[in-house]
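Hi,

Here is the structure I promised to pass on. Have a look at it first, and then read my notes below.

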Protein chains: 8
Amino acid sequence: MLFEKNDRILFIGDSIGDYDRERPVGDSADGWGTSYVADVASMLQAAYPAYRMRIMNVCTSGHQSRDLEKRWDEDVMNNRPDWVCMMIGINDVWRQYDCPDRPELWYGIEDYEAALCRMIEKTLPKVKGMVLMTPYFLEQNKEDEMRKTMDAYGAVVKKLGEKYGILTIDIQKMWDDFFSEGGLHPHAICWDCIHPNIIGRKVLCRTFLKAVGYEW
Amino acid sequence: MLFEKNDRILFIGDSIGDYDRERPVGDSADGWGTSYVADVASMLQAAYPAYRMRIMNVCTSGHQSRDLEKRWDEDVMNNRPDWVCMMIGINDVWRQYDCPDRPELWYGIEDYEAALCRMIEKTLPKVKGMVLMTPYFLEQNKEDEMRKTMDAYGAVVKKLGEKYGILTIDIQKMWDDFFSEGGLHPHAICWDCIHPNIIGRKVLCRTFLKAVGYEW
Amino acid sequence: MLFEKNDRILFIGDSIGDYDRERPVGDSADGWGTSYVADVASMLQAAYPAYRMRIMNVCTSGHQSRDLEKRWDEDVMNNRPDWVCMMIGINDVWRQYDCPDRPELWYGIEDYEAALCRMIEKTLPKVKGMVLMTPYFLEQNKEDEMRKTMDAYGAVVKKLGEKYGILTIDIQKMWDDFFSEGGLHPHAICWDCIHPNIIGRKVLCRTFLKAVGYEW
Amino acid sequence: MLFEKNDRILFIGDSIGDYDRERPVGDSADGWGTSYVADVASMLQAAYPAYRMRIMNVCTSGHQSRDLEKRWDEDVMNNRPDWVCMMIGINDVWRQYDCPDRPELWYGIEDYEAALCRMIEKTLPKVKGMVLMTPYFLEQNKEDEMRKTMDAYGAVVKKLGEKYGILTIDIQKMWDDFFSEGGLHPHAICWDCIHPNIIGRKVLCRTFLKAVGYEW
Amino acid sequence: MLFEKNDRILFIGDSIGDYDRERPVGDSADGWGTSYVADVASMLQAAYPAYRMRIMNVCTSGHQSRDLEKRWDEDVMNNRPDWVCMMIGINDVWRQYDCPDRPELWYGIEDYEAALCRMIEKTLPKVKGMVLMTPYFLEQNKEDEMRKTMDAYGAVVKKLGEKYGILTIDIQKMWDDFFSEGGLHPHAICWDCIHPNIIGRKVLCRTFLKAVGYEW
Amino acid sequence: MLFEKNDRILFIGDSIGDYDRERPVGDSADGWGTSYVADVASMLQAAYPAYRMRIMNVCTSGHQSRDLEKRWDEDVMNNRPDWVCMMIGINDVWRQYDCPDRPELWYGIEDYEAALCRMIEKTLPKVKGMVLMTPYFLEQNKEDEMRKTMDAYGAVVKKLGEKYGILTIDIQKMWDDFFSEGGLHPHAICWDCIHPNIIGRKVLCRTFLKAVGYEW
Amino acid sequence: MLFEKNDRILFIGDSIGDYDRERPVGDSADGWGTSYVADVASMLQAAYPAYRMRIMNVCTSGHQSRDLEKRWDEDVMNNRPDWVCMMIGINDVWRQYDCPDRPELWYGIEDYEAALCRMIEKTLPKVKGMVLMTPYFLEQNKEDEMRKTMDAYGAVVKKLGEKYGILTIDIQKMWDDFFSEGGLHPHAICWDCIHPNIIGRKVLCRTFLKAVGYEW
Amino acid sequence: MLFEKNDRILFIGDSIGDYDRERPVGDSADGWGTSYVADVASMLQAAYPAYRMRIMNVCTSGHQSRDLEKRWDEDVMNNRPDWVCMMIGINDVWRQYDCPDRPELWYGIEDYEAALCRMIEKTLPKVKGMVLMTPYFLEQNKEDEMRKTMDAYGAVVKKLGEKYGILTIDIQKMWDDFFSEGGLHPHAICWDCIHPNIIGRKVLCRTFLKAVGYEW
C-alpha cells in the first residue's frame with residue numbers, strides 16, 4: 001500500500017470531505033466526521049492497526065482553491081503530513097452557476113490552475129507524496145454548462161498530476177462509469193448532484209482505497 | 001380573470017405547494033405557507049381585494065396521486081371549492097429513481113392516469129372548473145431517464161386536460177423555455193431540480209397568474 | 001423598464017424591507033428575506049433572467065433616517081449600486097407615539113428632511129438614479145395624531161423627490177386608495193398598522209413594480 | 001367593597017384576561033397569568049388578606065361568546081363562583097375584519113346577544129352577582145368600520161346589564177376618556193389596538209377595582 | 001403626589017426590583033420587568049398619563065450596597081433622575097447566613113452604613129429627592145439570627161432617612177403588620193422569605209404608592 | 001445492620017425523596033435520582049456490595065399521605081419489599097399555608113392519621129419491617145403556625161411508630177439539634193425551609209444510616 | 001458473493017447494529033443509521049449497484065434474544081427477507097453484570113439457546129439462508145466473569161450454526177485476533193468494551209463482508 | 001479528624017472530581033458538582049457544621065498532571081488552602097491507549113513524577129498538609145497494558161507520598177479489594193472502567209473520609 005508505518009496522512013478539500021469534522025483538525029476517530037474521508041480513515045485503521053498511522057481531516061465546507069491556499073501554511077504545512085490528499089474545485093465552479101449575480105464568488109480556471117500549482121510546489125518538497133482527485137458534478141449530461149466547466153477544471157487537475165508526477169484519481173470518470181453500469185440514477189446517490197449520501201461516500205471511499213493499494 | 005367574486009379556490013398537490021402551509025387547511029394569509037401557492041394567493045388578494053375570494057391550500061409534501069385520492073373527499077370535496085388547481089406526479093416518478101430498492105414507493109403511469117381520471121370525474125360536476133399543471137423536473141437533459149419518465153407523466157396530464165376540457169398549464173415546457181432564455185442555470189433556481197427557491201416560486205406564480213388572466 | 005442589464009439595485013430602509021434578510025447584505029435569492037423587497041427582487045429575476053441584475057437588501061428593523069445616514073457609506077456607497085431605493089421615516093415618527101417618555105428616540109421633521117437631503121445629494125452623482133417611497137401608517141383616520149405626523153413626513157419625501165427629480169412613490173396614498181376600494185379592513189393586512197402580512201407585502205410589491213415599468 | 005369574606009370570584013373572557021394563565025383553571029397566585037385579571041386578583045389579595053377570597057381565571061385566548069357558552073358548565077358552574085366577571089366579544093367582532101374570507105369565524109350581533117342572555121340567565125340564580133365589561137377597540141376613529149361594530153356589541157352588553165340589573169363597566173368609554181386626557185397615544189398602550197401592555201393592563205385593573213368599591 | 005410632570009424617577013436595588021428588567025436600563029413599559037417596580041411604574045403611568053413621567057429601573061439581582069456604589073455614576077447619575085428610590089441591603093445580610101463559609105461575600109453593617117451615606121450625599125444635591133426603603137426578611141421570629149441582623153440594617157436606613165430628611169418607608173414593619181392581620185402565612189407570599197410572588201409584589205406596590213401620595 | 005442479604009428495600013414519600021428519580025420506579029444506581037434516598041442507597045451498596053440488596057425509590061414530588069395511599073398497591077405491595085421506609089406529611093401541612101385559598105389541597109390531621117394507619121396495617125403483615133420518619137419544617141420558631149401544625153403531624157407519626165412497634169426517626173428533632181449546634185443557619189441548608197441542598201441531604205442520609213445500624 | 005440480484009437482506013440484533021436507524025425499519029440509504037450494518041449495506045450498494053438489493057435494518061438498542069423473538073413475526077417474517085443476519089446476546093449477558101440487583105433483566109443461557117433455536121427453525125424454511133454472528137465483549141482477560149459468560153453464549157451460537165448448517169462468524173475471535181496484532185488497545189475502539197467507534201465499526205464491516213465473499 | 005475548625009480544604013484533579021463543578025472554583029454547596037468530592041464535602045459539612053470549613057473543588061475534566069501544574073498558582077496557591085487533596089494521572093496514562101495516534105496527548109512517567117514533585121514542593125511550605133490519591137483503572141486484569149501503566153503511575157504517587165511524608169490513599173488497591181469482595185462486577189460501577197456511578201462515588205467518598213479520620 002502507498003502509506004507506511006507511522007505515516008501522517010492529511011486530507012484537504014471542501015464539503016465533500018467535511019461533513020461535521022472536528023475543528024481545527026479532524027484528528028482521530030472522533031474527529032473525522034462522516035464524510036468519505038472518515039470512511040477512508042477508519043477503513044485504513046481497521047485494516048492496518050499496527051501501522052499506527054495518523055490521519056487528519058482539514059476539509060472545510062464551501063471552500064474553493066483560493067480558500068485552501070490561504071490556510072495552507074496553518075492547516076497543511078504546520079501539521080507536517082507525509083501525504084497530502086486533495087480534492088478541490090467544486091465550489092470554484094458551482095458559484096458561477098448557483099450565484100450568477102455575484103461574480104466575486106466565482107473563481108476562474110486560470111486562477112484555479114495557478115493556485116493549485118502554488119500549493120503543489122510548496123508541498124512536494126516536504127512530503128512523501130500527494131494524491132489528487134478531480135472535482136466532479138453528478139450531472140450525466142455532458143452538454144450541461146456547469147458539467148462542461150467542471151470537466152475543464154478536472155482536466156486541469158489531471159494535467160497537473162501528470163506534470164508533477166502525482167497519483168491522480170479521476171473522480172468524475174469514476175462516477176460516469178458507476179452510473180453507466182446502470183442500477184442507480186444520480187438521485188439515488190444525492191439530490192443536488194454534489195453531496196453524496198452514505199452509498200455515494202462508500203463509492204468514493206472504495207475508489208480512493210483501490211487507488212492507494214489498500215489490501216482488502 | 002378566470003376567478004370571480006366570492007369564489008372559493010383550492011390548491012392541491014405535493015411539496016411544491018406545501019412549504020409550511022398550515023394544517024389541516026392552509027387558509028387565509030397566515031396559513032398559505034411560503035410556496036408558489038402562497039405567492040399566487042397573495043397576488044390575487046392584493047389585486048382583487050373587493051372580490052373577497054377564499055383561497056385554500058391543501059398541498060402536502062411527499063404526496064403522490066394516490067395520496068391525493070385518499071384524502072380527496074376530506075380535503076377537496078368537503079371544502080366546497082369553486083375551483084380546484086392541481087399539480088401532482090413528481091413524487092410518483094421521483095421515488096422510482098431515488099428509492100430504486102423500494103418498489104412499493106413507486107406509482108406507475110397507468111395507475112397515475114387512472115387516479116387522475118377518477119379525481120377529475122368526481123370533481124368536475126361539483127365545481128366551476130379545474131386547473132391542471134404538469135409535473136416537472138428541471139433536468140435539461142431530455143435523455144435522462146427520470147426526465148423521460150416525468151415527460152411521460154406530463155403528457156398524461158395534457159391528454160386528460162384536453163379530454164375533459166380543463167385549463168392545463170405545461171409547467172415543464174415553461175421551465176424549458178425559461179432556461180433556454182439563458183441567464184440562469186437550473187442550480188440558480190434550486191439544487192435538487194425539484195424545489196424552487198424564491199425566484200423559481202415567482203416563475204411558477206407568474207405562469208399561473210398569466211394562465212388565469214390576472215390583470216396586472 | 002427602469003432597470004437595465006447588469007444593473008446593481010439596492011434597497012435601504014427599516015423593518016418593512018427587512019423581515020429576516022441576511023447580514024451584512026441581503027444578497028441573492030437566499031438572502032433577501034421575506035419582505036416586499038424579497039418579493040420585488042424575485043419578481044424581477046423571474047421576469048428578466050437574462051438581465052442578470054444584482055439586487056441587494058440592506059433594510060434594517062427599527063432604523064430611522066439618522067441610522068441610515070450613519071451606515072450610508074458602508075452599506076450603500078461601498079456596494080456601488082446603480083439604483084438606490086429608499087423607504088424611511090416610519091420609526092422617526094412611531095417612537096414619538098409608542099415611546100412618549102423617551103424623547104431621545106424621536107427624530108424631528110427638520111432633522112429628517114436634512115438627513116434625507118444629505119443622503120440624496122451624496123448619492124445622486126454616483127448612481128443612475130434613486131427611487132423614493134413615502135413612509136406610511138395604515139390608520140385611516142387622518143385626524144389621528146400619529147397619522148398627521150406621518151403625512152407630514154411623507155410630504156417631505158414628495159417635496160424632495162420633486163426637488164431632485166427623483167421617481168417618488170406615494171405609498172401612503174396607495175394604501176388609502178387600496179382601503180377605499182373596500183373589501184379589506186386594515187386589520188386584514190396587519191394588526192399594528194405598520195407591518196404588512198403576505199397580502200400587504202404583495203400590495204407594496206405590485207405598486208413598486210408598476211412604478212418602475214415592470215413588464216408583466 | 002362588592003366582594004366579601006370567603007367569596008369565590010371567577011373571571012371569564014378572551015385573551016385580554018388570559019396572558020399565560022394556568023390550565024384548566026388559573027387558580028391562586030401562581031396560576032393567574034399576567035393579564036389585568038392577575039393584577040386585579042393580586043391587588044385584592046394584597047389589600048384584603050383576611051378575606052381569604054378565592055379568585056379563579058378561566059379566560060382563554062381567541063375565544064368568542066359561543067366558545068364561552070360551550071364551556072360554561074365545566075368552567076363556570078362547576079367552579080361554584082359567588083361572582084362571575086365577564087368581558088367577551090372582541091373576537092366575535094375582530095374575525096369579521098381580520099379574516100374577511102372566513103365567515104365561519106364571525107359571530108353576528110344577534111347570536112352574540114342571545115348567547116350572552118343564555119349565559120346570564122343560567123348564572124344569576126346561582127351566584128351573588130355578576131360583573132359585565134364591554135368589549136373594546138382602541139381605535140379612536142369612531143367611523144372606522146370595526147370600531148362601529150365593536151360599539152354596537154358594547155351597546156348590547158350595556159343593554160343586558162341594565163335589563164338584568166348587573167354591574168356593568170363600559171371599558172370602551174373608559175379607554176376613550178383615557179386617551180382624551182392626552183399624554184398617551186394608543187400605540188403607547190398596545191400596537192394592535194387590542195392587547196394592552198403593562199400600563200394598559202393597569203388601566204383596566206384600576207377601572208375594575210374602582211367599580212367594585214376597592215378600598216385603597 | 002410626590003412626583004410631578006415630566007419627572008424622571010429611578011429605582012435602584014437588588015433582585016426584589018429586578019425580575020427580568022431590561023439591560024442596561026429597564027426603561028419604558030417593555031423594560032420594567034415584572035417586579036414591584038414594574039407594578040409601581042405602570043400604576044403611575046395608568047393614573048397620570050398626562051404627566052409623561054419617565055420611570056427607570058436599574059435594580060440588579062444579587063447586588064449589595066457595595067455593588068450599587070460601584071455603578072452609581074453610570075447607572076444613577078448618568079441617567080439624571082429627579083427622584084432616586086432605593087431598597088438595598090438584603091444581600092448584604094443574606095450572604096452571612098446562606099454562605100457561612102465565604103466571608104468575602106458578606107458586607108458588614110458599618111460598611112453598609114458608610115456606603116449608603118456616600119451614595120446619599122453624592123445624590124441629594126443633584127435631585128429633587130430620594131425615597132429610601134428598608135431591607136426585609138419575612139421571617140416572623142424576631143429572635144432568628146438573620147432577622148435580627150436584617151432589623152439592624154433596617155435601623156440604619158431609618159436613621160439615615162431621618163438624618164438627611166429623606167422619605168423613608170419601613171418595609172419590614174409593613175410586612176410585620178401585614179402578617180399580623182392574619183389570613184396569609186409568609187409561605188403564601190413566598191417560599192424563601194425574600195422574593196415575593198405576585199401578591200407580595202402588589203403589597204410592596206401599594207405601600208410605595210401610598211407613601212408617595214398616589215391619588216387612587 | 002437492620003437490612004440483610006438480598007433484602008428488597010423501598011422508600012416512599014414526597015419531593016424530599018424524589019429529586020429526579022426514574023419513573024415508574026427509581027431502581028438501581030441510575031434511577032435513584034439525587035435525593036437523600038439516593039445517598040442512602042448508594043452508601044448502602046458501597047459498604048455492603050456482597051449483600052446484593054435491591055433498593056427502590058417511589059417518592060413523588062408534591063404527594064400527600066392520601067396520594068401515597070392511592071398508589072400503595074401498585075407502587076409498594078407489587079414491588080414486594082422486605083422493608084418500607086416512609087416519610088410523608090409535609091405537603092399535607094404545607095398546602096394549608098401556601099395555598100390558603102384552596103382548601104381542597106389541604107389534608108387534615110385526622111385524615112392523615114387514618115391514612116397512615118391503613119397503609120401501615122396493610123403492609124406490616126407482608127414485610128420484615130418498616131421505618132417511619134416524621135415530616136419536618138426547618139423554621140426554628142416553634143410558635144410559627146405552620147411549624148406548630150407540622151409538629152402535630154410529626155407527633156402522629158411518633159405515636160403510630162410506638163403503637164405498631166416500628167422503628168421511627170424523629171427528623172424534625174434531628175434538624176432542631178443540628179441547628180442548635182450552631183454554625184449553620186437554616187438558609188445554609190435550603191431557602192424554603194423544606195428542600196435540603198446537598199449538605200442537608202447528607203444530614204438526612206447520616207441520620208437514617210445511623211438509625212438502621214450502618215457499619216461505617 | 002453470497003447475496004444475489006434483487007435479494008432482500010435483513011439485519012437484526014441490538015445496539016451494535018442500531019446507532020440511530022430509522023423506525024420501524026431502517027430501509028434504504030437514509031434509514032440505515034450509522035452502525036456497522038449501515039457500513040455493510042452501503043459498501044454492498046456501492047459495489048453492486050446493478051444488483052438492486054434491498055437491505056433492511058431492524059436492530060434495536062438494548063434488546064436481548066427474548067425481545068427479538070417477540071417481534072420476529074412483525075420485524076422479520078413480514079419483511080420477507082431472503083437473508084437474515086443476526087447478532088444477539090450481548091444484553092442477555094451484560095445485564096447480569098451491570099444490574100446485579102435486578103434479576104428480571106437477566107436472560108440465562110438455556111433460555112438464550114432455546115430462543116435462538118425457535119427463531120432459526122421458524123426462519124430457515126422461508127429464506128435463502130441466515131448469517132449468525134457471536135456476541136462479544138472486548139475485555140481481553142478471559143478470566144473476567146462477564147467475559148467467561150459471553151464466551152459461553154458465543155459457544156451456543158457456534159454450536160447452533162453448525163447444527164443448522166448456517167454461515168457463522170465468530171466475532172469474539174475476530175476481536176481477539178485484532179487486538180493480538182498489537183497497535184490498538186481496546187480503549188482505542190471503545191470505552192465500554194461493547195460499542196465500537198468508527199474504526200471498530202469498520203472492523204466489523206470488513207469481517208462481515210469477507211465472510212460473505214464480497215468482491216473488493 | 002485531620003481537618004480543623006475554619007480549615008480551607010482544596011481538591012484538585014481530573015474528571016473524577018469534576019462532574020459539573022462550578023467555574024472557576026467549585027465553592028460552597030451549590031458549586032461542588034456531583035462527584036465524590038461533592039460527596040466528601042457535604043459529608044464533612046453535615047457532620048461538622050460548627051467547624052465552618054471551606055471546601056473548594058478545582059478538579060477539571062480531561063486534565064493531566066501538566067495541566068494542573070500550569071494552573072497551580074491560580075487555582076491552588078491563590079486560594080490559600082490549608083489542605084490540598086490531589087488525585088491525578090488517569091489521563092496521563094489513558095491517552096496513551098485511547099489515542100494511540102496522537103503522542104502529543106501522552107504524558108510519560110518521568111515527566112509525571114517530575115511534575116508531581118514540583119507541585120508538592122511548591123505547596124508543602126504553605127499548607128498544613130496534603131492528601132495524595134493514586135490514579136486507578138477498574139480493569140481487574142493486571143496484565144492489561146493500560147492497567148500495568150496505571151499501576152506504575154500509582155507507584156510513583158506512593159513513592160512520593162512516602163518521600164515527603166504525605167498522607168497517601170491507594171485508590172487502586174481500594175478498588176481491587178472492593179471487587180475481590182465479590183457481589184459487584186466493575187460494570188456495576190461504571191462502563192468505561194474510569195468514571196464511577198453514584199455507588200462508585202460513594203466508595204471513593206467513604207475511603208477518603210476513613211483515611212482522614214472522619215467521625216461517623
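**What I found**

Lys70(F) counts as exposed, at 67% relative accessibility (exposed means over 50% relative accessible area, buried under 20%, and partly exposed in between, with a 1.4 Å probe and protein chains only). Its side chain meets that of Asp67(F) in a salt bridge, 3.8 Å from N to O (a salt bridge is a side-chain nitrogen of Lys or Arg within 4 Å of a carboxyl oxygen of Asp or Glu). The two are 3 residues apart in helix H4 (residues 65-70) of chain F, so about one helical turn separates them. Helices (H or I, at least four residues) and strands (E, at least two) are DSSP runs, numbered from the N terminus.

Before you go further: this is a predicted model, where local features need pLDDT of at least 70, side-chain atom pairs count only at pLDDT 80 or more, and totals for chains, interfaces and linings use all residues. Residues are numbered from 1 along each chain as its sequence is written, chains are lettered from A and ligands numbered from 1 in the order in which they are written, and side-chain values use heavy atoms, with hydrogens and water left out.

**More salt bridges**

Over all chains, the search finds 168 salt bridges. In helix H8 of chain F, Arg147(F) and Asp151(F) sit 4 residues apart, about one turn of the helix, and their side chains form a salt bridge at 3.0 Å, N to O. Arg147(F) is buried at 1% relative accessible area, whereas Asp151(F) is partly exposed at 28%.

In chain H, Arg147(H) pairs with Asp176(H), with the closest N and O atoms 2.6 Å apart. Arg147(H) is in helix H8 (residues 145-164) and Asp176(H) in helix H9 (residues 171-180), so this salt bridge ties together parts 29 residues apart in sequence. Arg147(H) is buried at 2%, and Asp176(H) is buried at 12%. There is also a network of salt bridges linking Asp27(A), Arg54(A), Arg102(H) and Glu104(H).

**Helix H9 of chain F**

Is this helix buried or exposed? Of its 10 residues (171-180), 7 are buried, so the rest of the structure largely encloses it. Trp175(F) and Phe178(F) are among them. At the start of H9(F), a side-chain oxygen of Asp170(F) comes within 3.3 Å of the backbone nitrogen of Gln172(F). Just after the helix, Gly182(F) has a positive phi of about 80 degrees.

**Where chains A and G meet**

Here 29 residues of chain A are in contact with 29 residues of chain G (contact means heavy atoms within 4.5 Å). Together the two chains bury about 2,700 Å², 69% of it on carbon and sulfur atoms; buried area is the accessible area (1.4 Å probe) that two parts lose on being put together, summed over both. On the chain A side, Pro49(A), Arg206(A) and Trp216(A) lose the most area to chain G, together 29% of what that side buries. Between these chains there are 2 salt bridges, including Lys202(A) with Asp39(G), whose closest N and O atoms are 2.8 Å apart.

**Cysteines**

How many disulfides does the structure hold? The count is 0 over all chains (a disulfide is a pair of cysteine sulfur atoms within 2.5 Å). For Cys99(B), the closest cysteine sulfur is in Cys190(A), 14 Å away and too far for a bond. Cys99(B) is buried, with a relative accessible area of 12%.

Cheers

Methods: A polar contact is a pair of N or O atoms within 3.5 Å; within protein, one must be able to donate a hydrogen and the other to accept it, and residues adjacent in sequence count only if both atoms are side-chain atoms.
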